[in-house]
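Q: Could you take a close look at one part of this model for me, starting with the backbone and going on to the side chains? I would like one connected account, please.

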Amino acid sequence: MKVRGKKGTLDVGALLRRTWMLRHFPGGKRLFSRTIGKIAPFTGTINATVEQLGLKGSLVRMSEIPPSAWTYENLVVGPFQNVEVSKGFSHFDVEHKPVHDNHLHSIHAAVLASLLLAGTRRALEYPGDEPVFGGEKILFALQAFSIKYHKKARGSLSVESRYTGDYQLPAVPYTLKEVECHIKDADGDVVASGIGSWRIVFQSDSDYIDHLLFVSYGALMNLAEMASGLALNYILPKGGRSILIGFGMDIIRPAPTEGPAILCSCSTSDTKGNPQPLKVGENLFYSKVLNPSGKVFAIADATWQVEF
């Protein structure tokens, strides 16, 4: 990963390795983390602190959940414009804001993922006169999502999602409803596409209330992307470049907005604890989002394209 500024291109790997020395001073980890948030503004919205960073991976912590990380509507990503919703279909536009940016001055991967999740859920929650899924009082809880990044996204975007499945209430618990999504820029080019897999949660389910107030999935993705990006770029050789081309996340359970800190660990080691070298081409990094006692909220995989 490299940051392009007014005087040329900055080697982020070298910058990370140098500035991580701040951890040896009081408040150094927090200062380092705030610097990351300044370089990539949307990363800064989750107010996370880098606790560990080295040849074997990274660990980041979200100690206090900022309002920007709450669900349902993420006010940092929205508001949405030109909203159109019909049965199995959702469309809306979103204007660019500086807080949406990453270190490359293009729209952050977690913003695009948040838009995908908002669009795919809306395609299921058609609010028309005809009740969907039997008209029961239900909630759609995310089970998993995957997204591919096709080009750098800049400027205003349009988000279109379609659900082509049936509208029968699931006979088997946790039956997934998969919704496709395409995100386009002002030129009509697809900048990202993916699938949101949602399950129906009934009011009678014990975890119904848990899903009413929890950390947004986009914030969890932001945390995992931060962990994997730092882990990768710390070991990136001088002159190397990296770009995120794919991301997937499986949700194990909702992460509460109150309670213990939320952590995300990303390992770059093999099963024996030895650091794995980067290779030219695609590199897959796995992350876990969990609390300090080890309860896992989500498992993520990030695919990075690396060039030396």
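A: Happily: let's begin at Asn 47, which lies in the loop between helix H3 (41-44) and strand E3 (49-54); helices (H or I, at least four residues) and strands (E, at least two) are DSSP runs numbered from the N terminus. This is a predicted model, in which local features need pLDDT of at least 70 and side-chain atom pairs count only at pLDDT 80 or more, while totals for chains, interfaces and linings use all residues. Residues are numbered from 1 along each chain as its sequence is written, and side-chain values use heavy atoms, with hydrogens and water left out.

The phi of Asn 47 is near 55°, a positive value in a residue other than glycine. With a relative accessible area of 32%, Asn 47 is partly exposed (buried is under 20%, exposed over 50%, partly exposed in between, using a 1.4 Å probe and protein chains only). His 105 also has a positive phi, near 60°, and sits in the loop between strand E6 (89-94) and helix H4 (109-124). Another backbone feature is the cis peptide bond that joins Gly 78 and Pro 79, with omega about 5°. Pro 79 belongs to the loop between strand E4 (57-62) and strand E5 (81-86).

Now for the charged side chains. Lys 29, Glu 51 and Arg 61 are linked in a network of salt bridges, where a salt bridge is a side-chain nitrogen of Lys or Arg within 4 Å of a carboxyl oxygen of Asp or Glu. A search of the whole structure finds 8 salt bridges. One of them pairs Lys 151 with Asp 189, the closest N and O atoms being 3.3 Å apart. That pair links distant parts of the chain, 38 residues apart: Lys 151 is in the loop between strand E7 (138-149) and strand E8 (157-162), and Asp 189 in the loop between strand E9 (176-185) and strand E10 (190-202). Lys 151 is partly exposed at 37%, and Asp 189 is partly exposed at 34%. In another pair, Asp 166 and Lys 177 have their closest N and O atoms 3.2 Å apart. Here Asp 166 is in the loop between E8 and E9 and Lys 177 in strand E9, 11 residues apart. Asp 166 is partly exposed at 44%, whereas Lys 177 counts as buried at 5% relative accessibility.

Moving inside, the largest nonpolar core has 85 residues, and Leu 112 is among those with the most contacts inside it; such a core is a set of buried Ala, Val, Leu, Ile, Met, Phe, Trp, Tyr and Cys residues joined through side-chain atoms within 4.5 Å. Helix H5 (residues 217-234) gives the most to this core, with 12 residues. Leaving aside neighbours within four places in sequence, Leu 112 is in contact (heavy atoms within 4.5 Å) with residues including Ile 107, Tyr 149, Ile 183 and Val 191.

Last, the second largest cavity is lined by Leu 15, Leu 16, Thr 19, Phe 32, Thr 35, Ile 36 and Ile 39. Helix H1 (12-19) and helix H2 (28-39) are the elements that give two or more residues to that lining, and H2 gives the most, with 4 residues.

Note on methods
1 Å grid on protein atoms, 1.4 Å probe; cavity = no way out; pocket = protein on both sides within 12 Å on 5 of 7 lines; lining within 4 Å.
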